[in-house]
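The following exercises are to be worked with the sequence and the coordinates at hand. Each task is followed by a solution in steps.

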Amino acid sequence: MTDDSAPGGPEADGPWDRRLHIVTGKGGTGKTTIAGALAVALATGGRRVLLTEVEGRQQIAQLFDTPPLPYQERKVASAPGGGEVFGLAIDADEALLEYLEMFYNLRRAGRALGRIGAVDFATTVAPGVRDVLLTGKVKEAVNRPDGTRPGGLAYDAVVLDAPPTGRITRFLNVTAEVAGLAKVGPIRAQADSVMAVLRPERAAVHLVTLLEEMPVQETVDGVAELGRAGLPLGGVIVNMARPPLLKIRELRLARRGELDPEEIAAGIKEAGLEPTPALVEALSWEAAQHADRVALERTERAEIAALGRPVYEMPLMADGVDLGTIYRFAELLRDQQMVG
């Protein structure tokens, strides 16, 4: 890898015109939602994008409200301007069958191995092999030729809904993972070909976080680990962002417990309610909690800014995430120039 992936390097700014977009984040941050929105954003304007997952949880199907995905690419969404998003749930066992057929013409034998549990045994003893199989399928999709399409490739871009940040570096750094298993041969060649795709000019790893201590710390750690491994860093997406409900002066007073009870009571009256002492006290407490939350988020934003990566924000959806949210987020990612 080159220093282009380092914070502040020439590849540090969007829009991210890459063949492969890898989306990771701590569990619960909404990385699958962001991955889906990114796929729609990339497909906007008539492009064809593949959205892949590797954790066996069928989250793409749930996100786009479709039946569970088989081990084959299937259209899951249309994008504005005639674009198409295809989904693929990558299964390690099926990827192994493809691998055996590709290199050894042993697909039938591979199925027999699967029936006796040899596949699970091999990937348990050498877990790096499973990651090579999964990332190898992603690499194949990135490089797959199609002479009938402009550019000669099957997809204009591939988005990977990747494992969480705590595992992402090990998952992607497959050459290091198989170094002790295979110095030469097809497995090593497959790992090397995966790493060839993971170059700053071809790929970017984007990290999803919330404005909370644990997700931000995991993001900070993830950026550091990815950088040490020479993997191509992308942007940071802050999900579920909420604007302050009070002005700066009011936030300061609320944190100190000094909001004017009469002003609170007047606001309650304007809302058509009876300003009882209990209600005034409850609202004062809620305001203090909100002010504390805003102060925490300000601190976490500073931690994220210190990473030196482009930052994009998606709002908290009070009514939850649905298909409309994916298209709204895709529009916001384009508006914020994460993609062109």
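**Exercise 1.** Determine how many bridges join β1 to strand β6 (residues 203-209), and in which direction the two strands run.

*Solution.* In this predicted model, β1 and β6 are joined by 6 bridges and run parallel. One position illustrates the pairing: V23 has H206 of β6 as its bridge partner. β1 is also joined to β5, by 4 bridges, and these two strands run parallel. Here L20 is partnered by V158 of β5.

**Exercise 2.** Establish whether the residues of strand β1 (residues 20-25) are buried or exposed, and what follows for the strand.

*Solution.* Begin with one side of β1, where L20, I22 and T24 are all buried. Turn then to the other side: H21, V23 and G25 are buried too, so that both faces are covered. The count is thus 6 of 6 residues buried, and β1 is therefore largely enclosed by the rest of the structure.

**Exercise 3.** Classify the aromatic pair of the structure and state which parts it ties together.

*Solution.* The structure holds 1 aromatic pair. The ring centres of F86 and Y155 lie 6.0 Å apart, which is within the 6.5 Å limit for a pair. Their planes stand at 70°, so the pair is edge-to-face, as the cut-off for that class is over 60 degrees. Next, locate the partners: F86 belongs to strand β4 (residues 83-89), whereas Y155 is in the loop between α6 (127-143) and β5 (157-161). The pair therefore ties together parts that are 69 residues apart in sequence. Finally, consider accessibility: F86, at 15% relative accessibility, counts as buried, and Y155, at 6%, counts as buried as well.

Key: Residues numbered from 1 in each chain as written. Predicted model: local features only at pLDDT ≥ 70, side-chain atom pairs only at ≥ 80, totals over all residues. Heavy atoms only, no water. Phe/Tyr/Trp six-rings, centres within 6.5 Å; stacked < 30°, edge-to-face > 60°. Buried < 20%, exposed > 50% of the residue type's maximum accessible area, 1.4 Å probe, protein only. Pairing = 2+ DSSP bridges.
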